[in-house]
Amino acid sequence: MIRKTGIATPIAKRDTETQSFADDVIAGLSAAPKRIPPKYFYDSEGSRLFEDITRTPEYYPTRSEHEILRMQAGAIVQHFPTGAALVEFGSGACIKVRFLLDAARKLKAYVPVDIAGEFLNAEAAALRKHYPGLQILPVVADFMKPFALPDAVSDLPKVGFFPGSTIGNFEPHEAASFLRHAGSILGAGAVMIVGVDLIKDESVLNAAYNDDSGVTARFNLNLLRRLNRELAGNFKLDGFEHHAFYNRERNRIEMHLASRARQKVTVAGSTFEFRAGETIHTENSYKYSPLSFAALARGAGWTMLDRWSDAKGNFAVCALKLQ
Ligand code: AVJ
């Protein structure tokens, strides 16, 4: 989930991307409770900080998923039909997929889908050198919206790939609509490989989002820097603090930015009041059990074919098949 973003744009000349950022921020800060969608974490500094998070000893999901992909790639690709096209939703730096590309010898094409076009095309060029026998067909698109697959893969069986527990950022009903949407893009008979973070000991979950070195706090607070820079905000960085905790009723980690005092902040041309202790809800990271995820997928038209975990049982990679 690496996102490249544009350079700061003057408010007078907002491009459409900055305009929808401004619209989302104004709507989110006008709501009660206040919120900002987590996709806005990933400016270039935010993407760098996320990479740093994955290297903290407390943040297990990336390491756990890599362990599964490394150990189980052979078993995972057994579910790929011969001559299939692998379609990755939000491919970023195309790192995790290499485990599958190395193991899937009979794959015809890899279709990375990402919104960051320049970056995507550079990654695709690098992959072509590495996998000369494979057609690499990047699609620049927002994978949450309808998009067309390249004509070259229209007659091939499809396998979807959605790693990283990105699905955990969605509300469960949004996760179900995403899976339904992925099914309509991939078509009848499709298989989908999804990375899902599992419900576990709360102390492990809380530590993963409250690392001792404070990287996750910097990642969360970087959102305010971005608001200041791109939307002419005047957030005081020391006026807010990082809060992350496991919400046991809803099986999710919540991240918030909590106002240390009563204050007013102006951003994107609007002024918002904060009570002391009031928060901006910046992220949910849902955790599932194998059963609850299978039920969610079933409701969206997918059957769980197979599932693999790391040795500690922290994370699951699931193989789904369109019913
Ligand atoms: C990239 C959405 C999977 O939810 O664990 C990491 C983002 N936020 N630390 C997650 C994140 C705080 C991450 N995902």
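Glutamate 241 forms a salt bridge with arginine 260, and their closest N and O atoms are 2.6 Å apart. This pair connects distant parts of the chain, 19 residues apart: glutamate 241 belongs to strand E8 (residues 240-247), whereas arginine 260 sits in the loop between strand E9 (252-259) and strand E10 (263-267). Glutamate 241 counts as partly exposed because its relative accessibility is 29%. The model described here is a predicted one.

**Salt bridges at helix H8**

In total, the structure holds 16 salt bridges. Side chains of opposite charge can pair when their charged atoms come close. Three of the pairs are set out below.

| Acidic residue | Basic residue | Closest N and O atoms |
|---|---|---|
| Glutamate 230 | Arginine 226 | 3.0 Å |
| Glutamate 230 | Arginine 229 | 3.4 Å |
| Glutamate 241 | Arginine 260 | 2.6 Å |

Glutamate 230 thus appears with two partners, arginine 226 and arginine 229. Glutamate 230 and arginine 226 both lie in helix H8 (residues 215-230), 4 residues apart, or about one turn of the helix. An α-helix has 3.6 residues a turn, so residues three or four places apart point the same way.

Which of the residues in these two pairs are buried, and which are partly exposed? Glutamate 230 counts as buried because its relative accessibility is 7%, under the 20% cut-off. Arginine 226 is likewise buried, with a relative accessible area of 4%. Arginine 229, by contrast, counts as partly exposed, at 43% relative accessibility. The salt bridge between glutamate 230 and arginine 226 therefore has two buried partners, since both values are under 20%.

Arginine 226 also has a contact with the backbone: a polar atom of its side chain lies 2.9 Å from the backbone oxygen of tyrosine 40.

**Geometry and burial of H8**

The 16 residues of H8 should span 22 Å at 1.5 Å a residue, and the end C-alpha atoms are 22 Å apart, so the two values agree. The helix nevertheless has a kink of about 25°, centred on leucine 221. Just after H8, alanine 232 adopts a positive phi of about 50°.

Why is H8 described as largely enclosed by the rest of the structure? The reason is that 12 of its 16 residues are buried. Among the buried residues are Val215, Thr216, Phe219 and Asn220, as well as Leu221, where the kink is centred. Arg226 and Glu230, the salt-bridge partners discussed above, also belong to this buried set.

**Surroundings of the ligand**

H8 also takes part in the shell around the ligand: helix H2 (44-54), H8 and strand E12 (279-286) each supply at least two residues of it. Of the 14 residues around the ligand, those that come nearest are Tyr59, Gly164, Tyr209, Glu283 and Ser285.

Three of the polar distances involve side chains from this nearest group. In the side chain of tyrosine 59, an N or O atom is 2.5 Å from an oxygen atom of the ligand. For glutamate 283, a polar side-chain atom lies 2.6 Å from a nitrogen atom of the ligand. Serine 285 places a polar side-chain atom 2.7 Å from an oxygen atom of the ligand. Taken alone, the ligand exposes 360 Å², of which the protein buries 98%.

Technical notes:
Residues are numbered from 1 along each chain as its sequence is written. This is a predicted model: local features need pLDDT of at least 70, side-chain atom pairs count only at pLDDT 80 or more; totals for chains, interfaces and linings use all residues. Side-chain values use heavy atoms; hydrogens and water are left out. A salt bridge is a side-chain nitrogen of Lys or Arg within 4 Å of a carboxyl oxygen of Asp or Glu. Buried means under 20% relative accessible area, exposed over 50%, partly exposed in between (1.4 Å probe, protein chains only). The expected span of a helix is 1.5 Å times one less than its number of residues. The bend at a residue is the angle between axes fitted to the seven residues ending there and the seven starting there. A residue is near a molecule or strand if one of its heavy atoms lies within 4 Å of it. A polar contact is a pair of N or O atoms within 3.5 Å; within protein, one must be able to donate a hydrogen and the other to accept it, and residues adjacent in sequence count only if both atoms are side-chain atoms. Accessible areas come from the Shrake-Rupley method with a 1.4 Å probe; for residues, only the protein chains shown count as cover.
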